[in-house]
Amino acid sequence: MIDLHLHTTYSDGTRTPEELVLLTAGNYQAIAITDHDTIDGINEGFLTIKNNELSLKLITGVELSSVFQNKEVHILGYGMDLQTPELKTTLRILEEERIERIKKTVDKLTEHGLPLEFSELPLTGLPGRAHVARAMVKKGYVRTIDEAFKNYLTPDRPGYVPRNRLSPKAAIELIHKAKGVAILAHPGLIGLELNDSFLENIPVDGIEVFHSAHEKALTSFYEEFANKRHLLITGGSDCHGKKGKDRELLGLVDLPKKYFDKLLEFMDGIA
Ligand code: AMP
Ligand code: FE
Ligand code: FE
Ligand code: ZN
């Protein structure tokens, strides 16, 4: 199997890179670690592979948050040179921004009558709304993580704090500067129509066609859309661990090998 969208404890996943690598090594040919706005977990993944002499192929990845027309657009980057100074600098700034945002988030919830402190969050790496959602479930404020997002943590809800994120173009440029491939993450979750004018504004190299939130018909639509335009095709479960979301997503997505091979070929071309 191949899964190119996985989160770890370095952002809002609940498995460490080591756990993820050891868990997938038997069944997977390749995985990518794509934490939100950080590349800090990738080395641990490579070390685990080396120390255990595993044949699993680990693809370097990141998932950058950006905003376009008031919607969240996530851009996945693959195969970056992790030492690129501008990449490192920008990611540090985004990390600071995340900390500030989540501090404001817990303050807003507290003012709203749901007391919560930053120090109570189950943080292991860069903070995100998912940590707040999990803490809210634990405190009994909501029953599910989804409920926390729907009722409190999304635009126009009492615990929502916007963030000065990158534009999609800036995210793509950053990935390209680091010699990486830029892919539009889960288009089915954005809430905007994927068409040619969208692509003019958000000029990605490819599209995440296969994703745990894409129904079969939608997947086929994106696959045809990407193939027609000679865009790269990727896929991943977007798993955040066993208890990272309301349910386990690992194993739900397997990127067809023909698309993975094309991605590798493309990455070789820009290395
Ligand atoms: P943030 O990076 O802090 O803006 O939070 C984005 C994260 O929240 C992503 O990992 C999403 O997968 C997660 N997320 C967004 N909406 C939901 C939802 N309804 N249920 C569970 N997780 C969600
Ligand atoms: Fe997440
Ligand atoms: Fe995402
Ligand atoms: Zn993700």
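**View 1. Arg-229 and the ring of Phe-225 in the predicted model.** The charged end of Arg-229 lies over the Phe-225 ring, at 3.7 Å from the ring centre. Phe-225 also belongs to a cluster in which ring pairs link it with Phe-221 and Tyr-222.

**View 2. Lys-103 and the ring of Phe-118.** Here the charged end of a lysine, Lys-103, sits over the ring of Phe-118. The distance from the charged end to the ring centre is 5.3 Å.

**View 3. The aromatic pair Phe-68 and Phe-198.** The structure contains 4 aromatic pairs. One of them joins Phe-68 and Phe-198 in an edge-to-face arrangement, with 6.0 Å from centre to centre and 85 degrees between the planes. Phe-68 belongs to strand β3 (residues 57-68) and Phe-198 to helix α7 (residues 196-201); the pair thus links distant parts of the chain, 130 residues apart. Phe-68 counts as buried because its relative accessibility is 14%, under the 20% cut-off. Phe-198 is buried as well, with a relative accessible area of 5%.

**View 4. The aromatic pair Phe-210 and Tyr-259.** The rings of Phe-210 and Tyr-259 form a tilted pair, with their centres 6.1 Å apart and 35 degrees between their planes. Phe-210 is in strand β6 (residues 206-211) and Tyr-259 is in helix α9 (residues 257-270), so the contact ties together parts of the chain separated by 49 residues in sequence. Both Phe-210 and Tyr-259 are buried.

**View 5. Coordination of the zinc ion (ligand 4).** The donors to the zinc ion (ligand 4) are NE2 of His-5, NE2 of His-7, an OE atom of Glu-63 and an OD atom of Asp-238, at 2.0 to 2.2 Å. Along the chain, these donors follow the spacing H-x1-H-x55-E-x174-D. The arrangement around the zinc ion (ligand 4) is irregular because the 4 donor atoms subtend angles of 80 to 170 degrees.

**View 6. Glu-63 and Asp-238 at the zinc ion (ligand 4), with the iron ion (ligand 2).** The zinc ion (ligand 4) lies 4.8 Å from the iron ion (ligand 2). Among the zinc donors, Glu-63 in strand β3 and Asp-238 in the loop between β7 (232-236) and α9 link distant parts of the chain, 175 residues apart. Glu-63 counts as buried, at 1% relative accessibility. Asp-238 also counts as buried, at 6% relative accessibility.

Terms used: Residues are numbered from 1 along each chain as its sequence is written. Chains are lettered from A and ligands numbered from 1 in the order in which they are written. This is a predicted model: local features need pLDDT of at least 70, side-chain atom pairs count only at pLDDT 80 or more; totals for chains, interfaces and linings use all residues. Side-chain values use heavy atoms; hydrogens and water are left out. Rings of Phe, Tyr and Trp (its six-membered ring) pair if their centres lie within 6.5 Å; planes under 30 degrees apart count as stacked, over 60 as edge-to-face and the rest as tilted. Helices (H or I, at least four residues) and strands (E, at least two) are DSSP runs, numbered from the N terminus. Buried means under 20% relative accessible area, exposed over 50%, partly exposed in between (1.4 Å probe, protein chains only). A charge sits over a ring if NZ of Lys or CZ of Arg is within 6 Å of the ring centre and within 35 degrees of the ring normal. Donors are N, O and S atoms within 2.8 Å of the metal (3.2 Å for Na, K and Ca); water is not among the atoms, so sites may look incomplete. Four donors count as tetrahedral if all angles lie between 85 and 135 degrees; four count as square planar and six as octahedral if opposite donors are over 155 degrees apart and all others between 65 and 115; anything else is irregular.
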